[in-house]
Structure formats: structure tokens, C-alpha cells
Amino acid sequence: MTGFVIRNTGSWYIVRTDDGQLFDCKVKGNFRLRGIRSTNPVAVGDRVDILPGTDGTALITEILDRRNYIIRKASNLSKQSHILAANVDLVLLVVTVAHPETSTTFIDRFLASAEAYRIPVALVFNKTDLYTVDDLRYMQAMMTLYRSLGYECIACSATRGEGLEPVQQLLADRTTLLSGNSGVGKSTLLNRLIPGLDVRTAAVSVAHDTGTHTTTFSAMYDVPTGGRLIDTPGIKGFGTFDMEREEVAHYFREIFQISADCRFNNCTHTHEPGCAVLAALDEHRIAQSRYTSYLSMLDDKDEDRYRPAHGG
């Protein structure tokens, strides 16, 4: 039997078969011996073959070829990866410019990883109801920057249900991954997009202005307008995985485009003479925040370098 993995609860996976049955599944042991250096060899969104047992549970015997997946460095084991989701058409990256603030480094790392796996990303700027005039000005500047790079940007307030129509249009007939830092309002947004779901939400910590994890495991939900939405636990940092140093520039759209004019083919865009990227930076054709993110990924040794000091 074949189906979709719709939930991961740690050691168990819930699979919905093509004929609509639900099975609690375990992974057949030999998966872990196949060199999959991942904390979760099976991810939500995977198409799998299962072998039902006599007790109503089943064994996942095969992962069918993935169309794509998005991956990050596992937070506890730096030599392992964590697959956020598989077989996705779009990522909605939920960000906030305050309460808490999503760093541009986090956004750029996420976008670069999605670029590496050829997955489109739309940025959803949530919590507009909480923003000051300065916050709104900063948000508009960020949206202008990312739109200029070709990323769709949407401003909304999930709490008030404002600005959600463009998000709903994006979800139709797609498998979409919902991701972002803890505390940006993903659960509130999910409850708005799928009425009656009632996913638990948590208040942002006033002391640190950071979120707390309310989603413990990844899960896939059917969207009323058609399509599927995969909810994932909030992530604090985004460690890129298995990306060679010389590849990093390829995943920053504007840097890659401008680098064609560099004097040297192997230019790292840090110090070389005749570097078109450094010239573009001086001329403000490349945003300083994007270049800073690029440098942080080149020097990706210390995972804590792009996390807020308080761990949020």
C-alpha cells in the first residue's frame, strides 16, 4: 500500500493511504543503515510504501523518490540534518519585524537553502496590528528589498484575520510548508487558514519577546480550498547543511547574477580585485544585510552566531 506521511510524532508516523485509511507506522530498521545522516529519515510529505500488520499498525518499507525536500542542520547534532518536509510546492516563511524580531540573517539563510533545493518561498509578514509607525516603515523596506529579488511578500495580521486573502490564494491546490521562528504566529495563522483546526497557540514571552514552541511535531492538514499545509515546529536558528563554501553565492540571487562580471571565476566576493559584487555593494545595488548574511554563511562554523543571545 502507498500513502502520504501526514504526521510525525517522534518514533511513530501517521500515514494516510491513497484509499483514505490511516495507519500508525514504524520505520523498518534498515532505513537507518542506508547512510541517511538525518535525525528523521522519514519526513512529513513523503510518499511511502507500507506493510500493514495484524494489529492495525504498519511498517514503512520504502520511501518513494522525493521531488524535493528542505533540510537544515540538526540543532543538537551538527553532523546530522533535519528534513523539515518533503515534496513541497511552496514555503510560506512567516516573519515578524517585532514581537519577536526575525533577523534578516535567518531569513536569508532560509531563502538560500530553499533556493538550493529549488523550492519557491513567499514571505508572510505577520502581526501588523502590533507594529509602530517605525516598525511598519521597516517592514515596507524589507518587503521592497525581497520583492526586488523576486520573492512574493504579504503583510497580514493573523490575529485580526486581516490580509489573508493572498495567502489563501497561494495555498490552493499546492502542498505548502509553513515555517518560521518560534513566536511569529504560525499557529494563529494556521487556525485562520483552516477553520476548526484549533491548533494550540502560546503567548510571546514578555521578558525576552520570544516565542515558545507550541507545535511539537510536524503535521500535514487539508486546506478547505484544496491543497495541503504542513505545519512545523518553530525554529530558532537555521544552520545550512551540506553546502560547499563556493556554492553559497549561487543561492543569493542578486550576488549570483552580478558575480558573472567578476574578474576571477573562483571569486569569493570578499577581497578580490575586480570583484563585481563588492563594487555593487559599494554602489548600494546589493543590500548590506544580504551581503552580511552571505558572509555569515561563508564562515558557518559557529551555529550560535546568528541566534539572539537569549536563545529565542
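Seven helices and 13 strands make up the secondary structure of this protein. The model is a predicted one. Of its 312 residues, 50% are buried. The protein exposes about 14700 Å², and carbon and sulfur atoms supply 49% of that area. Among contacts between residues at least 6 apart in sequence, 65% join residues at least 24 apart.

**Nonpolar cores**

- In soluble globular proteins, nonpolar side chains tend to be buried together.
- The largest nonpolar core here has 46 residues, and the members that touch the most others are Leu123, Phe125 and Tyr146.
- Leucine 123 has contacts with Leu93, Val95, Ile107, Leu111, Tyr146, Glu152, Cys153 and Ile154, leaving aside residues up to four places away in sequence.
- A second core, separate from the largest one, has 22 residues, including Ile194, Ala219, Tyr221 and Leu229.

**Helix H4**

- Helix H4 spans residues 186-193, and its buried residues are Lys186, Ser187, Leu189, Leu190 and Leu193.
- Viewed down the axis of H4, these buried residues lie within an arc of 160°, so they line one face of the helix.
- The buried residues of H4 pack against one other helix, H3 (165-171), and against strands E8 (90-95), E9 (121-125), E11 (175-180), E12 (219-222) and E13 (228-231).

**Salt bridges**

- Side chains of opposite charge can pair when their charged atoms come close.
- Nine salt bridges are found in the whole structure.
- One of them joins aspartate 18 to arginine 47, with the closest N and O atoms 2.8 Å apart.
- These two residues are 29 residues apart and belong to distant parts of the chain: aspartate 18 sits in the loop between strands E2 (13-17) and E3 (22-27), and arginine 47 is in strand E4 (residues 47-52).
- Aspartate 18 is exposed, at 53% relative accessible area, while arginine 47 is partly exposed, at 23%.
- Aspartate 46 and arginine 66 form another salt bridge, with a closest N and O separation of 2.7 Å.
- This pair also links distant parts of the chain, 20 residues apart: aspartate 46 lies in the loop between E3 and E4, and arginine 66 in the loop between strands E5 (57-63) and E6 (69-73).
- Aspartate 46 has a relative accessible area of 0%, so aspartate 46 is buried, whereas arginine 66, at 25%, counts as partly exposed.
- Arginine 285 and glutamate 283 meet through their side chains in a salt bridge of 2.9 Å, N to O.
- Glutamate 283 counts as partly exposed, with 49% relative accessibility.
- Asp108, Glu254 and Arg290 are joined into one network by salt bridges that share partners.

**Aromatic pairs**

- A pair of aromatic rings is described by the distance of the centres and the angle of the planes.
- The structure holds four such pairs.
- Phenylalanine 252 and tyrosine 294 form an edge-to-face pair, with 5.9 Å from centre to centre and 80° between the planes.
- The two residues are 42 residues apart: phenylalanine 252 is in the loop between E13 and helix H5 (253-259), and tyrosine 294 is in helix H7 (residues 288-298).
- Phenylalanine 252 is buried at 0% relative accessibility, and tyrosine 294 is buried at 2%.
- The rings of tyrosine 291 and tyrosine 294 have centres 6.0 Å apart and planes at 35°, so this pair is tilted.
- Tyrosine 291 and tyrosine 294 are about one helical turn apart because they are three residues apart in helix H7.
- Tyrosine 291 and tyrosine 294 are both buried.
- Ring pairs connect Phe252, Tyr291 and Tyr294 into a cluster.

Conventions: Residues numbered from 1 in each chain as written. Predicted model: local features only at pLDDT ≥ 70, side-chain atom pairs only at ≥ 80, totals over all residues. Heavy atoms only, no water. Salt bridge = Lys/Arg side-chain N within 4 Å of Asp/Glu carboxyl O. Helix = DSSP H or I, 4+ residues; strand = E, 2+ residues; numbered from the N terminus. Buried < 20%, exposed > 50% of the residue type's maximum accessible area, 1.4 Å probe, protein only. Core = buried A, V, L, I, M, F, W, Y, C linked by side-chain atoms within 4.5 Å. Contact = heavy atoms within 4.5 Å. Areas by Shrake-Rupley, 256 points an atom, 1.4 Å probe, with all protein chains shown as cover. Arc of directions from axis to C-beta. Phe/Tyr/Trp six-rings, centres within 6.5 Å; stacked < 30°, edge-to-face > 60°.
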